[in-house]
Amino acid sequence: MSTGNQVRIGPFEILQPIERVAPSLRERENENLPGRLFIVEGIDGSGKSTQLTLLHKWLESKGYGAVFSEWNSSPLVKDTTKLGKKKMLTPATFSLIHATDFADRTEKSILPLLKAGAVVLCDRYIYTAFARDVARGIDRQWVRDLYDFAVTPTVAFYFRVPLETAIGRLVAARDGFKFYEAGLDLGLSDDPAESFRLFQGRILAEYERMIPEFGLTVIDATLPVEVQQAQVRQIAKTHLERAKELRVRP
Amino acid sequence: MRKTYGKTLPGMKLTDLAGKLIVVEGTDGAGRTTQINRLKPWLEELGHAVLDTGMTRSPLAGEGIRRAKEGNNLGRVTQSLFYATDFVDRLENEIVPALRAGFVVLTDRYIYSMMARAIVRGMDAEWIRKLFSLALVPDAVFYLRIGIDELIPRVIFSRGFDYWESGMDVFPGKDMYESFRSYQSALLAEFDRLSVEFNFETVDASADADIVFAQLKAKVQRILEADSRKDFITTLRAPTAAPAAHRVEERAVFIPRAGTATETEAVFHPVAAHVTAPMGWDPNRQK
């Protein structure tokens with residue numbers, strides 16, 4: 001040990017590592033969680049939220065205890081995110097504040113619920129962070145390492161839709177784009193609509209790359225809602241049947 | 001050019017960060033804040049512009065972390081990431097701009113405290129290192145080290161035991177004294193390990209505050225002087241390809257010999273290290 005000169009390093013009885021109070025992040029990966037985690041991903045306007053709501057209805061009708069967890073919804077981090085969205089976030093702090101939010105939800109709700117045997121439904125998951133952060137210039141590997149603590153989903157549905165279709169749906173549904181949603185922090189274009197198009201294009205390219213990387217289950221989001229939902233339920237069903245101890249709705 | 005621990009944040013240029021990044025690390029109660037509060041006016045008196053910063057002081061996340069801690073409601077992963085958010089906000093918006101403007105940045109704790117806290121809580125050591133690979137490598141890390149038995153009276157007779165400083169989230173069920181002892185000992189052990197990995201300069205913080213201050217001043221001075229000396233030397237057209245055996249001549253001063261008119265007839269006078277070198281000057285630092 002390099003102690004410098006004339007410095008007394010105290011008694012060494014303290015150099016024993018303490019007993020681990022919790023499993024490391026990696027160990028958890030191998031834990032067999034009794035619950036099921038279904039997540040939906042896709043760009044804005046892909047229709048993923050609609051599909052998840054319909055899946056929830058179906059799960060309830062089948063008697064499963066299903067719980068929603070929304071992206072960016074931790075009460076602990078809420079005020080900080082709100083503060084940051086007053087345009088004081090850089091790509092790095094944008095990434096970290098969302099990771100903090102996700103960590104809080106993982107520790108307080110997603111993981112305990114899965115341990116308890118619930119079906120957990122997430123509208124957006126770590127892949128949203130990977131796509132958005134990389135589109136903002138964050139290192140691809142760094143952000144993947146950052147989310148190493150996340151539970152791997154049972155099924156990650158990716159609602160694939162061409163950019164023009166998604167934009168068409170959004171323009172019909174609302175007026176104007178939010179600052180960060182349109183990637184206006186990146187200075188791609190002064191025109192919000194054009195910036196949105198460029199930014200979502202980058203995100204789309206990242207999703208495409210992640211399909212093989214993470215084995216995302218692709219659903220063609222240009223198909224009728226009912227057809228997509230039938231596919232989603234079919235896939236979910238196979239994973240529910242194999243589950244041993246899922247909770248039923250009280 | 002400055003270095004990071006592996007990753008560079010988007011938009012961050014590592015050139016022209018001429019200031020000095022000086023880290024004061026150590027466990028709770030080691031006297032970091034006291035020392036920084038003395039170092040800052042001292043440096044300013046010497047004419048240096050100083051930025052002092054520290055954990056949870058970011059405008060973005062500082063308040064959020066404080067509120068979350070009040071609720072004793074912060075999981076270990078969330079904790080690490082919340083602190084990382086606070087750190088990166090200060091790194092991008094305070095530390096880097098200050099270094100670019102030539103400030104001496106004194107930081108009360110850096111990534112090492114966050115690493116130690118996470119590792120003690122059972123987090124993956126590699127994960128936390130990757131997370132903070134975006135941090136700048138500082139010019140020096142002064143580790144104020146104090147043993148657990150000297151630390152306890154300091155805490156008891158000043159602010160008393162605190163939930164987080166006692167690591168009550170790590171050792172639920174223990175009383176505050178027992179928990180404090182176990183937690184701070186574990187932190188200390190982790191700091192000792194990190195001190196080797198990250199080349200901390202250890203200062204015995206159980207000594208009188210004046211003595212610690214004197215030691216820190218000498219160390220800071222050495223960093224600042226090593227730097228100005230380097231600039232001085234490069235302006236002096238010293239021979240660049242001198243063999244290692246003649247290293248003393250690399251620091252020679254160019255003096256035209258009396259009566260010579262041209263540069264070619266001049267000689268290099270070796271300058272004895274003890275005459276011109278500032279205290280603590282180490283010629284090997286220039287390599």
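**Exercises on helix packing and sheet order**

In this predicted model, helix α7(A) passes helix α8(A) in a right-handed crossing.

**Exercise 1.** Determine how α7 (residues 163–173) of chain A is oriented relative to α8 (residues 192–214) of chain A, and describe the residues through which these helices meet.

*Solution.* Begin with the geometry: the two helices pack at an angle of about 130 degrees, and their axes lie 10 Å apart. Because angles over 145 degrees would count as roughly antiparallel and those from 65 to 115 as roughly perpendicular, α7(A) is classed as oblique to α8(A). Next, identify the contact, in which Leu163(A), Ala166(A) and Ile167(A) are contributed by α7(A), while Arg197(A), Gln200(A), Gly201(A) and Leu204(A) are contributed by α8(A). Finally, sort these residues by character, which gives four nonpolar, two polar and one charged.

**Exercise 2.** Establish the strand order of the open five-stranded sheet in chain B, and explain which strands stand at its edges.

*Solution.* Reading across the sheet, the order is β2-β3-β1-β4-β5, and the pairing is parallel. The edge positions belong to β2 (50–54) and β5 (201–204) of chain B, each of which has a single partner strand, so that one side of each remains without a neighbour in the sheet. From one strand to the next, the twist averages 20 degrees.

**Exercise 3.** Describe how β1 (residues 20–25) of chain B is joined to β4 (residues 140–145) of chain B.

*Solution.* The two strands run parallel and are joined by four bridges. To locate a bridge by residue, start from Val23(B), whose bridge partner in β4(B) is Val141(B).

Terms used. Residues are numbered from 1 along each chain as its sequence is written. Chains are lettered from A and ligands numbered from 1 in the order in which they are written. This is a predicted model: local features need pLDDT of at least 70, side-chain atom pairs count only at pLDDT 80 or more; totals for chains, interfaces and linings use all residues. Axes are lines fitted to C-alpha atoms, for helices over the stretch in contact, and angles run from 0 to 180 degrees between N-to-C directions. Angles under 35 degrees count as roughly parallel, over 145 as roughly antiparallel, 65 to 115 as roughly perpendicular and the rest as oblique. A crossing is left-handed if the near helix is turned anticlockwise from the far one by less than a right angle, and right-handed if clockwise. Two residues are in contact if their C-beta atoms, placed from the backbone, lie within 7 Å. Ala, Val, Leu, Ile, Met, Phe, Trp, Tyr, Cys and Pro count as nonpolar, Asp, Glu, Lys and Arg as charged, and the others, Gly among them, as polar. Two strands pair if DSSP finds at least two bridges between them.
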